[in-house]
Amino acid sequence: MMGNFTTFLEEKLMPIATKFSTQRHLKAIRDAFICIMPITLAGGIVSVISAAPAPEGTTNGFLLAWAGFVSNNNMILSWINAITMGAMSLYVTIALTSFLAKSYKLDNLLPILLSLCGFVLTCVAPIKLAFDGKTTEISYLDGKGILAAIFISILTVELYRIMREKNFGRIKLPDSVPDSLSETFASLCPGIVLIALYSVLFIIFFNMKTTLPGWVYTKLAPAFTVADSMPFVVIMTAIVQLFWFFGVHDAAFSGILAPIRESGLSVNAAAKLAGHAMPRTFTTPFWVYFCIIGGCGSVLALAILLCKSKSKQLKTVGRVGLTSTLNCFIAYLCTSLGIIGKSFAMLSWNMPSVFGAFLSTMDIKALILVVVLIVLDGVIYYPFLKVQEKELLEVEKEE
């Protein structure tokens, strides 16, 4: 029966996962989120600085000084966060357009400019536009605008590519005209069409007194709730680990999961800075620091056990080296029950989970939970390790 199941996975599911990992648009989405990591890291650092852990009534001089610094520089810290983590969708638009255009071997500069134009037109709401100053609503530049950013970027590149391939509106110029100028004129009509399209979208949503991401966010609210629920998070974690078992990297699912995780992180960061309750549980730091402790498979505990093994082979593996699903379940349960705080900052994928869990939540109980999860992972791995160790020791004795 197990053989049939393995055959089914290898013949039916693995080709699907492979297509996901190589699909042009999903690959570009994955690369876009990886590309903007320095910006989100900067935003994460500012979020941690802004969350001074000074409880009411504390007499700790360091914490009081920290809280005082945050209070005196609140506007500066908030603005830096707003232009880093809080503008995530803007940077996703640039990166995604660039990667997708390059995948088609297009010059990516004009598509990037057109995507930016379309994103700002449809995602930033004008409030007051006067000669002496302009006021706009930019709250959808953060994670709430990610779906709109993805839509605008893909639409821009695909329509631009099609119009260029069809020579739509191309103006024939003499051979003496420089190639750079000729290319500019060739892109003139596609650019005008795209800007006209996004202008129409702006007019439609402006008359509806909303924006494209505002409308999407409202209409898809139930879907966001489902994507942040325990069943979805646990099932997706189990699927990722299952495909790892057959050698399929979790990057195959990044094009789908990254927008969900990063959106949740950005929304939580904005809520934290505003002093509001953080709405999301499933974020990038939640995944990195609580679910896959030490990497997919939560192998940190196994590596520790292997380092203590009597077998030379296992000890070597330990030094370089289905529990993630359980970690995810327990961490989600603790977060949803309010036992630990929700994550709002992403520091680094390489940061040890015990430190990352604390800094991403600024909750000491999160650090304790990670330690408990590592111990639990070790308990799960231990009997399997001993069986393998016994077999290897017998082989090593014969050598």
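**Buried or bridged: how the calls are made**

Aspartate 363 pairs with lysine 365 in a salt bridge, with 3.1 Å between the closest N and O atoms. Keep in mind that this is a predicted model.

Q: What makes the contact between aspartate 363 and lysine 365 a salt bridge?
A: The cut-off is a Lys or Arg side-chain nitrogen within 4 Å of an Asp or Glu carboxyl oxygen. The closest N and O atoms here are 3.1 Å apart, so the pair counts as a salt bridge.

Q: Why is aspartate 363 called buried?
A: Buried means under 20% relative accessible area, and aspartate 363 has 11%, so buried is the call.

Q: Why is lysine 365 called partly exposed?
A: Partly exposed lies between the 20% and 50% limits. Lysine 365 has a relative accessible area of 39%, so that label fits.

Q: How do you know that lysine 144 and aspartate 142 form a salt bridge?
A: Their side chains meet at 2.9 Å, N to O, and the limit is 4 Å, so they qualify. Both lysine 144 and aspartate 142 are buried.

Q: Why does threonine 281 count as buried?
A: Its relative accessibility is 4%, so it counts as buried, the limit being under 20%. Threonine 281 sits in the loop between helix H14 (254-274) and helix H15 (284-291). Its contacts include Asp228, Phe286 and Tyr332.

Q: What makes leucine 326 partly exposed?
A: Leucine 326 has 32% relative accessibility, so it counts as partly exposed. This residue of helix H18 (residues 323-336) belongs to a nonpolar surface patch with Phe329, Leu333, Leu337 and Ile339.

Notes. Residues numbered from 1 in each chain as written. Predicted model: local features only at pLDDT ≥ 70, side-chain atom pairs only at ≥ 80, totals over all residues. Heavy atoms only, no water. Helix = DSSP H or I, 4+ residues; strand = E, 2+ residues; numbered from the N terminus. Buried < 20%, exposed > 50% of the residue type's maximum accessible area, 1.4 Å probe, protein only. Contact = heavy atoms within 4.5 Å. Patch = residues over 30% accessible without salt bridge, like charges linked within 9 Å, V, L, I, M, F, W, Y side chains within 5 Å. Areas by Shrake-Rupley, 256 points an atom, 1.4 Å probe, with all protein chains shown as cover. Lists of a residue's contacts leave out its neighbours within four places in sequence.
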